[in-house]
Amino acid sequence: MSYFHIPVLLNEVIKITDPQKNENLVDGTLGGGGHSKAILEKTGPKGKLLGMDLDPEALRAARDNLKKFEKRIILKRENFTDFSRVVEKYDFHPIDIVLLDLGISSYQLDEDVLGISFLKNQPLDMRIGGELENYDNRITATEILNKWPEEKIKEVIKDYGEERYARAIAKNIVVERKIKKIELTGRLVEIIEKSVPASYKSRRQRIHFATRTFQALRIAVNRELDNLKNALPQILEELSPGGRMAVISFHSLEDRIVKQFFVRESKDCVCDSEVPVCVCHHKARLKILTKKPITPSEEEVEKNPRARSGKLRVAEKVHKVKSL
Ligand SMILES: C[S@@+](CC[C@H](N)C(=O)[O-])C[C@H]1O[C@@H](n2cnc3c(N)ncnc32)[C@H](O)[C@@H]1O
């Protein structure tokens, strides 16, 4: 099966980041290179791309998709959580545009990442791109399910999955793992099935009853929220003045992290409201270009239902930080 993924909010990304001739792009979540391709079309003749992804399959697909830009691109298997280290390693400066299109591609969900889909019976691994050779401190979903205390499993399922039956699911996971180690997706689906009411399993529900728990485990395994929190300040640091950073998120917690970061970095003072005179001397380094997050049009969601929860936020690095 060849790689497939429809880039989300593509026109909106192009419109707001407004790529110019010869500008350089870092795509921290390259995927099949859909967004990168549209930006490279605008940044010729010399604008370069540093594209990173954890998944070798995505890199292979992107290399194919971006063939005509061969001389202008560097594609590497790297984690955007180490943004500064990666751009230094490939000596990639100046940086005019950075894009993070978070989460996973359709191909990864349907075909590629072991144990991420509840529709197939597979080992509960869930590490995007599999094990990385040089550095990888991720644990698998199997380890989480069989080793973590019930309370911590409940929190993951509740917070990352926004699953209202998180308590019952976590309780049954702990009961079942004492009987036999939980290793396969099929067994986890059975446990979830036992933990939720019949109405929740009805075909009339918008999503499958296991969706939220599987999403929560994937986020925990891949440390998706920590990666984002780590990356944002590094991106701001590396971006050239006038450069734009764009983030597409698919989860309310991710969107909140981006929003809070943008808001803080666009303020001249971040002192507590009770402090009468500024003592923090914080200076605005970003100008927010999207007051509210941009969401996909009805037309886009109709064509690509997976775009449904996408939210785009973009900010520009200010040219000069005003001195005191
Ligand atoms: C939604 S897809 C990106 C799709 C892409 N914008 C396109 O147009 O095809 C997200 C990609 O980010 C990758 N990814 C997720 N977390 C990552 C991380 N921490 N570092 C690098 N790549 C990551 C996934 O492997 C996946 O290919």
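**Exercise 1. Determine which residue follows helix α1 and characterise its phi angle.**

Solution. The residue after α1 is D18. Its phi is positive, near 45 degrees. This value, like the others below, is taken from a predicted model.

**Exercise 2. For helix α1, establish which residues are buried, how they are arranged about the axis, and what covers them.**

Solution.
Step 1. Helix α1 spans residues 10-17, and its buried residues are E12, V13 and T17.
Step 2. Viewed down the axis of α1, these buried residues fall within an arc of 110 degrees, so they line one face of the helix.
Step 3. An α-helix has 3.6 residues a turn, so residues three or four places apart point the same way.
Step 4. On the other side of α1, N11 and K15 are exposed.
Step 5. The cover over the buried residues of α1 includes α2, β4 (95-101), β5 (239-249) and β7 (311-317).

**Exercise 3. Identify the buried residues of helix α3 and the elements against which they pack.**

Solution.
Step 1. In α3, residues 56-65, the buried positions are E57, A58, L59, A61 and A62.
Step 2. These buried residues pack against β2, β3 (73-77) and α5.

**Exercise 4. Locate D110 and decide whether D110 is buried, partly exposed or exposed.**

Solution.
Step 1. D110 belongs to helix α5, which comprises residues 106-112.
Step 2. Within 10 Å of D110 there are 16 other C-beta atoms.
Step 3. A buried residue requires 20 or more such atoms and an exposed one 12 or fewer; D110 is therefore partly exposed.
Step 4. As to its position relative to E265, the two residues are 155 apart in sequence and 37 Å apart in space, C-alpha to C-alpha.

**Exercise 5. Describe the shell of residues around the ligand by proximity, secondary structure and class.**

Solution.
Step 1. There are 24 residues around the ligand, of which P7, T29, G31, G34 and D101 come nearest.
Step 2. Both α2 (34-42) and β2 (49-53) supply at least two residues each to this shell.
Step 3. By class, the shell has seven nonpolar, 14 polar and three charged residues.

**Exercise 6. Assess the overall dimensions of the protein chain and its division into domains.**

Solution.
Step 1. For 324 residues, a compact globule would have a radius of gyration near 20 Å; the protein chain has 21 Å, which agrees.
Step 2. Of these 324 residues, 44% count as buried.
Step 3. The domain assignment gives domain 1 (10-107 + 224-317) and domain 2 (139-221).
Step 4. The centres of domain 1 and domain 2, taken over C-alpha atoms, are separated by 31 Å.

Methods
Residues are numbered from 1 along each chain as its sequence is written. This is a predicted model: local features need pLDDT of at least 70, side-chain atom pairs count only at pLDDT 80 or more; totals for chains, interfaces and linings use all residues. A residue is near a molecule or strand if its C-beta atom, placed from the backbone, lies within 6 Å of it. Helices (H or I, at least four residues) and strands (E, at least two) are DSSP runs, numbered from the N terminus. Ala, Val, Leu, Ile, Met, Phe, Trp, Tyr, Cys and Pro count as nonpolar, Asp, Glu, Lys and Arg as charged, and the others, Gly among them, as polar. Domain bounds come from an automatic or database domain assignment. The arc is that of the directions from the helix axis to the C-beta atoms. Two residues are in contact if their C-beta atoms, placed from the backbone, lie within 7 Å. The radius of gyration is taken over C-alpha atoms; the globule rule is 2.2 Å times the number of residues to the power 0.38.
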